[in-house]
Amino acid sequence: NLQLADNAKIQLGTGNDFEIYHDSSNNQSIIKESGASVLKLMGSDLRLSNADNSKDYLQANDGAEVSLYHNGSKKFETSSTGISVTGDIAVSGHVDLEDDKWVKLGTGDDFQLGHTSNLNYIDIHADLLIRNDTEVMMDFNRNAGIELWYDGAKKFETSSVGATVHGQLTA
């Protein structure tokens, strides 16, 4: 065993660029690369875990996925096809997608938003309801009609034979 007192450092490199030590005044154990080099950790698989090794923070597997954990629960994982996220995603900026890329929602991707260089798409494979917090504003019924609402009351609807106005029509 190599034992050093608090704040004593293991220093490596000609200019002592690499250090391992315990800073007792700040209650921190530190691995530090202070030169122009890169700090590189190497291994077949890499784990960053809590002190009693009961929960991982990060797992990196050789030739496979990298996973991030929160309190022992996997939240982010890479794969050969992209990433998987478990839980909510909070974005403080915006999300950019290139032309001809789609946002797909639902288990069967039954609601899709897309854009080409000159055309925007909303592709739905189920009914579509547009509402504010408490009231329906528009209701698109797949293979049926479209309804427009005002202040909780239906004002216009289409059907197989035409359209119906509920209330006064002003032209």
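Let's start with strands S14 and S15: S14 covers residues 146-150, S15 covers residues 153-159, and four bridges join them in an antiparallel arrangement. Keep in mind as we go that this is a predicted model. If you want one pair to find on your screen, take tryptophan 149, whose bridge partner in S15 is lysine 154. The two strands make a hairpin with two residues between them. In that turn you'll find aspartate 151, which has a positive phi of about 50 degrees.

Now stay with S15 and look at strand S16, residues 162-165. Which way do S15 and S16 run? They run antiparallel, and four bridges join them. Here the pair to look for is phenylalanine 156 with valine 165, the latter sitting in S16. S15 and S16 also form a hairpin, with two residues between them.

Next, let's move back along the chain to a sheet. Five strands build an open sheet, and the order across it is S4-S5-S6-S7-S8, with antiparallel pairing. Which strands stand at the edges? Those are S4, residues 45-49, and S8, residues 82-85. Each of the two has a single partner strand, so one side of each is left without a neighbour in the sheet. On average, neighbouring strands in this sheet are turned by 10 degrees against each other, if we ignore direction.

Let me zoom in on the S8 edge. Strand S7, residues 73-79, is joined to S8 by four bridges, and the two run antiparallel. One pair to click on is serine 79 and its bridge partner in S8, glycine 82.

S8 also brings us to the surface. There is a nonpolar patch there with about 900 Å² of accessible area together, and its members include Ile83, Val85, Leu105 and Ile122. S8 supplies at least two residues of this patch, and so does strand S9, residues 101-105. Let's pick out isoleucine 83, which has its place in S8. Is isoleucine 83 buried or exposed? It is exposed, because its relative accessible area is 53% and the cut-off for exposed is over 50%.

For my last stop, here is a residue on the other side of that scale. Threonine 116 lies in the loop between strand S10, residues 111-115, and strand S11, residues 120-124. Threonine 116 counts as buried because its relative accessible area is 18%, and buried means under 20%. What does threonine 116 touch? Leaving out residues up to four places away in sequence, threonine 116 touches Asp99, Asp100 and Tyr121.

Notes: Residues numbered from 1 in each chain as written. Predicted model: local features only at pLDDT ≥ 70, side-chain atom pairs only at ≥ 80, totals over all residues. Heavy atoms only, no water. Buried < 20%, exposed > 50% of the residue type's maximum accessible area, 1.4 Å probe, protein only. Contact = heavy atoms within 4.5 Å. Pairing = 2+ DSSP bridges. Axes fitted to C-alpha atoms, helices over the stretch in contact; angles between N-to-C directions. Patch = residues over 30% accessible without salt bridge, like charges linked within 9 Å, V, L, I, M, F, W, Y side chains within 5 Å. Areas by Shrake-Rupley, 256 points an atom, 1.4 Å probe, with all protein chains shown as cover. Salt bridge = Lys/Arg side-chain N within 4 Å of Asp/Glu carboxyl O.
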